[in-house]
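Please look over the chain shown here. A short report on its local geometry and packing is wanted.

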Amino acid sequence: MAETSDAEVVVVGAGLSGLTAARVLARAGREVVVLEARDRVGGRVVGMPVGDGGVAELGGAFVGAGQERISAAISELGLQTFPSYNEGERVLELGPRLRRFGSIPKISPIVLADLVRAVVLAETSARRVSVNRPWEARSAPRLDAETFETWIRRNLWTGDGRRLFRAALVTIFAAEPHTFSTLWALSNFRSGGGLLRMLRVRDGAHQDRIVGGVQLLAERSAEPLGDRVHLSTPARRIVRTGDGSVRVEADSLTVRAQRAIIALPPTLAGRIVYDPPLPARRDHLAQRMPHGAVVKFAAVYDEAFWRQQGLNGQAASDAGPVTLTFDGSPLGGAPGILVGYVRGHHAVELGEAGPARRRAAVLDCLRRFFGGRAATPVDYLDLDWSAEEWTRGCYGGNAAPGTLTRFGLALRTPVGPLHWAGSETAHEWIGYMDGAIEAGERAAEEAMETLGEGPKGFYERHLD
């Protein structure tokens, strides 16, 4: 028989968003219980030890410029960051041709002008979309009715320009632009400070990494919560009772609480059984925000040999199946680690192909990018996020056409005692770790305000 526990607030999910919410509540003196389906904390953050002191980060890894919330959490928890390795040239594979370049790709001036024009237009359009309520933009109905692929075809004139722009979009959303709406894309650009900022290393979303890996951030966030975090305890059913409270039922534990924070992406939150059922608007939202598809890998070498070749480990390809790589080596540079991504339809296809064929396809790409030595790592790890039972894709949910204008209001709006967190519900840095932390803070503050006598301003103080 399942054990029963009582709390003021129950948090479902121990990723960065759920852990943040729980920490805010605990520090305010609230009784909180956290239910996590996995046997670890961190959610879409995971690190695996490799070599002598290295960490292969197979989930979220980068701390971006301007990401104040995660920076504050890193400092508070006694962690440090170091700059992502960015010295040397990059590799671009466009069609059959491989190019090395510095800051600007060696492509036709006409293609470059086409790309620059599209980027400027995208960023200008994004500034007209509210980060809080994008569905209220004047042009929202039109933008939400079309896919971003339609936008690309309308606004880029060259074949290579379109291919490069699509490759950039897959980098951000882990999905092809024909699967999400233009309004969703523009709202993400706005939330991340612009398309270029989301793609850059220096002064961008990939600027820094955490010494020892992001998994440490999750683990240290969970430490002060102690036995209030229950691992391997997936929430199966959430009951809203007649007195306005809530009961969350897991396999071995039932938690009775006044409020619940569901810190899960919409598609996973929608798989829980609700009694009574969720309002139609919220249920339809969950059905229309599928995850992207990602296989993230780490190829480990005795040393970062690409640095000796004048390369920084960054490679991008429109051919795939590997679409992007970074130097994932630790602060000291050894062992050398190339981390990279197989995204979108490539990730689905290689996920079905099995580990051996997936490894062979990845190493063949690395050989093309960095030479024969890249084909013989001393260790290789990968993680197919679509095959993870408690994730079912990465980096997060993407809104299909028609979703935001019809159902977007349900993204953050509480349903009785239920509050919604997770990086998809962030106002800034949607889909990023910083956004996950923001969403956790917001949901905790909402819950405390409804409980009464709770200190206000947690959202603004960023856990200070």
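The report below covers confidence, cores, a helix pair, single residues and backbone exceptions.

## Model and confidence

This is a predicted model. The mean pLDDT of the chain is 94. Of its residues, 97% reach 70 or more.

One stretch needs care. Over residues 458–464 the pLDDT is below 50. This stretch still has 25 contacts in the model beyond near neighbours in sequence. Where pLDDT is low, the predicted coordinates should not be read in detail.

## The largest nonpolar core

The largest nonpolar core holds 44 residues. F148, W151, F165, F173, F180, W184 and F189 touch the most other members. Several elements each supply at least two residues of this core, among them β8 (89–94), α5 (148–155), α6 (159–173) and α7 (182–191). Also on that list are α4 (140–145), α8 (195–199) and α15 (403–407). Helix α3 (109–126) is another such element, and α3 gives the most, with 6 residues.

F173 shows the packing around one of these members. Leaving aside residues up to four places away in sequence, F173 touches F180, W184, A185, N188 and F189. F173 also touches G292, Y395 and N398. Apart from this core lies another one, of 39 residues. V32, V45, I261 and A444 are among the members of that other core.

## Helices α13 and α14

Helix α13 spans residues 344–353, and helix α14 spans residues 355–370. Their axes are 6 Å apart and meet at an angle of about 135°. Angles over 145 degrees would count as roughly antiparallel, and 65 to 115 as roughly perpendicular. The two helices are therefore oblique to each other.

On the α13 side, the contact involves L350, G351 and A353. On the α14 side, R357, R358 and A361 take part. By class, this contact has 3 nonpolar, 1 polar and 2 charged residues.

## Buried residues in helices and strands

V111 is found in helix α3. Its relative accessibility is 8%, so V111 counts as buried, the cut-off being under 20%. Sequence neighbours up to four places away aside, V111 touches T158, D160, G161 and L164. R358 lies 247 residues from V111 along the chain, and their C-alpha atoms are separated by 33 Å.

S191 is found in helix α7. At 5% relative accessibility, S191 is buried too. Its contacts, apart from neighbours within four places in sequence, are V131, H427, E428, W429 and I430.

S5 belongs to strand β1 (residues 3–6). Its relative accessible area is 18%, so S5 is buried under the 20% cut-off. Outside the four nearest places in sequence, S5 is in contact with V33, L253, T254, V255 and R256.

## A buried loop residue

Where does M289 sit? M289 is in the loop between α11 and β17 (294–301). M289 is buried, with a relative accessible area of 0%.

Not counting residues up to four places away in sequence, M289 touches W184, P266, T267, G397, N398, A399, T403, L411 and E424. M289 and G340 are 51 residues apart in sequence. Their C-alpha atoms are 24 Å apart in space.

## Backbone exceptions

Most residues other than glycine have a negative phi, and most peptide bonds are trans. The cases here depart from that pattern.

Which peptide bonds are cis? One runs from D275 to P276, with omega near 0°. P276 lies in the loop between β16 (273–275) and α11 (280–287). Another joins G320 and P321, with omega of about 5°. P321 lies in the loop between β18 (311–317) and β19 (322–327).

S232 has a positive phi of about 50°, although it is not a glycine. S232 is in the loop between β11 (229–230) and β12 (235–240). S232 is partly exposed, with a relative accessible area of 46%. R392 also has a positive phi, near 65°, and is a residue other than glycine. R392 is found in the loop between β21 (379–384) and α15. Its relative accessible area is 37%, which makes R392 partly exposed.

Key: Residues are numbered from 1 along each chain as its sequence is written. This is a predicted model: local features need pLDDT of at least 70, side-chain atom pairs count only at pLDDT 80 or more; totals for chains, interfaces and linings use all residues. Side-chain values use heavy atoms; hydrogens and water are left out. Axes are lines fitted to C-alpha atoms, for helices over the stretch in contact, and angles run from 0 to 180 degrees between N-to-C directions. Helices (H or I, at least four residues) and strands (E, at least two) are DSSP runs, numbered from the N terminus. Angles under 35 degrees count as roughly parallel, over 145 as roughly antiparallel, 65 to 115 as roughly perpendicular and the rest as oblique. Contact means heavy atoms within 4.5 Å. Ala, Val, Leu, Ile, Met, Phe, Trp, Tyr, Cys and Pro count as nonpolar, Asp, Glu, Lys and Arg as charged, and the others, Gly among them, as polar. A nonpolar core is a set of buried Ala, Val, Leu, Ile, Met, Phe, Trp, Tyr and Cys residues joined through side-chain atoms within 4.5 Å. Buried means under 20% relative accessible area, exposed over 50%, partly exposed in between (1.4 Å probe, protein chains only). pLDDT is the predictor's confidence in each residue, from 0 to 100.
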